[in-house]
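Student: I would like a close look at a single part of this model, with the terms explained as they come up. Could you take me through it slowly?

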Amino acid sequence: MTAIEPYPVALDDRISPPRPRVGLVAGGLGAYWPQFPDLLPQLRRSSERVAQRMRDLGADVVDVGFISDAQDGAVAAERLREAGCDVIVGFLTTYMTATMLVPVAQRSGAPVLLINLQPTKSMDHASFDTGQWLAYCGACPLPEMANAFRRVGVPFRSVSGYLEDERAWQRIGRWVRAAGVRAALRRGRHGLMGHLYPGMLDVATDLTLVSANFGGHVEVLEFDDLRVRVPDAGTTEVTAKLDQTREIFELTGSVDADDLDWAARVAVGLDRLVEDFGLDSLAYYHRGLDGEIHERLGAGMILGASLLTARGVPAAGEYELRTSLAMLVMDRLGAGGSFTEFQALDFDRGHVEMGHDGPAHLAISARRPLLRGLGVYHGKRGWGVSVEFDVTPGPVTAFGLRQDRDGRYAFVAAEGTVVDGPHLTIGNTTSRVDFGCDPGEWTDAWSGTGISHHWALGTGHRGADLRAVADLLELDFVEVRP
């Protein structure tokens, strides 16, 4: 099968998430400096190189310099505490005592990553003296740090390698990305608009648990907050939204002009809602009755919610707050993340068919997404336009948030491959995913994790990245494998 690139959705208003803030502290034992005058300058150069590589990974680096004793460590700890970092990187350039870094870890309030990157792949054993060897001795204090951190109750993770070791930097980059996702959750403002879809017990979320597990803020909204903004959509704004829609979507002959105009007006109202409340994500649902305004608003959300999702403001229907958060995580990892549930199992081909009616992440569509007009939304009230596409063929990851009985969240993920095959043409997103095993057995294993019936589907195999995010959040990570 020839690989198909994602459809290029051109959005000038795609948001630029804040860069993760990385606190960097490098150190070594001060007793060495007078004994080996060339050692400290070499280690400082290594530290400068690490800082630059961190910036190249997309981080804002708070570099507190080089510490040589416990007093220096205490000063660095206060500076990093005040900086509000998303992750603290302790660079073990040579041997150093645990008392130099423990205060940094305790006071910063941020996750800790210890890195041991010696100058090159190996020493020149025949020519090296003691001072040159000490520049390769960053591994020596790592067990000491691990022991001390464990005893004082500070979680940590580590990466060992050499200064230009790309495998090590891939692992470090994973932690930096994870810190960025953690920051997005900690600082995020998540809209929850309308009410629970009646009877969906798995979807119901205690809003306090979002703050307890992630931080951030849930803004409780009424559909009236949208209602008062839609009439203000001027002709110029609506025309621009319609032009954008025709540029991005292929419109089928079933699209009614009045329904499309209404969807564009609602989309403009949604843009204003997101801006006015400073939202980073949105989950919504409203049933409504007999074609009144709230029902029409709820039925007109799909276009605007899909455009928001492609901009980096994930929007999920059916009041699925935890799935909109999962979509946010996937988006910040560069995976897209589209609103998804089971649709059917194809035992002839060995595929799991999954997708959803409603909003979708347009940037991961295999081809130009369709807008299809529907006379009725299945299981919901109203009518109008809906999005239809399949995710780009290739590696994908299904990812959702599980809420346990004790209120703790857990990450649940599975890696598979989107493959070709027949699709329904009913205005839904639908993807065929091959998980490398019998689709019925996989479905039982996935459901057995306790995941809700919605999740995010994103491009790429993201299990390692998601495991890193879960680690920084101190959450369980469950991976479903064949």
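Tutor: What follows is a walk along one helix and its surroundings. The model is predicted, so local features need pLDDT of at least 70 and side-chain atom pairs count only at pLDDT 80 or more, while totals for chains, interfaces and linings use all residues. Residues are numbered from 1 along each chain as its sequence is written, and side-chain values use heavy atoms, with hydrogens and water left out.

Two packed helices are described by the angle between their axes and the distance between the axes. Helix α7 covers residues 166-187 and packs against helix α16, residues 463-473, at an angle of about 55 degrees, with the axes 8 Å apart. Helices here are DSSP runs of H or I with at least four residues, and strands are runs of E with at least two, both numbered from the N terminus. The axes are lines fitted to C-alpha atoms, for helices over the stretch in contact, and angles run from 0 to 180 degrees between N-to-C directions. That angle makes α7 oblique to α16, since angles under 35 degrees count as roughly parallel, over 145 as roughly antiparallel, 65 to 115 as roughly perpendicular and the rest as oblique.

On the α7 side, the contact (heavy atoms within 4.5 Å) involves residues including Trp175, Val181 and Leu185, and on the α16 side residues including Ala468, Val469 and Leu472. The residues of this contact divide into 10 nonpolar, no polar and 5 charged; Ala, Val, Leu, Ile, Met, Phe, Trp, Tyr, Cys and Pro count as nonpolar, Asp, Glu, Lys and Arg as charged, and the others, Gly among them, as polar.

Turning to the loop between β5 (156-162) and α7, we find Glu164, which forms a salt bridge with Arg49, the closest N and O atoms being 2.7 Å apart. A salt bridge is a side-chain nitrogen of Lys or Arg within 4 Å of a carboxyl oxygen of Asp or Glu, and by this rule the count comes to 31. Arg49 sits in helix α2 (residues 39-56), 115 residues apart from Glu164, and the pair thus links distant parts of the chain. Glu164 counts as partly exposed at 35% relative accessibility, and Arg49 likewise counts as partly exposed, at 31%, where buried means under 20% relative accessible area, exposed over 50%, and partly exposed in between (1.4 Å probe, protein chains only). Salt bridges that share partners join Arg49, Arg53, Glu164 and Glu166 into one network.
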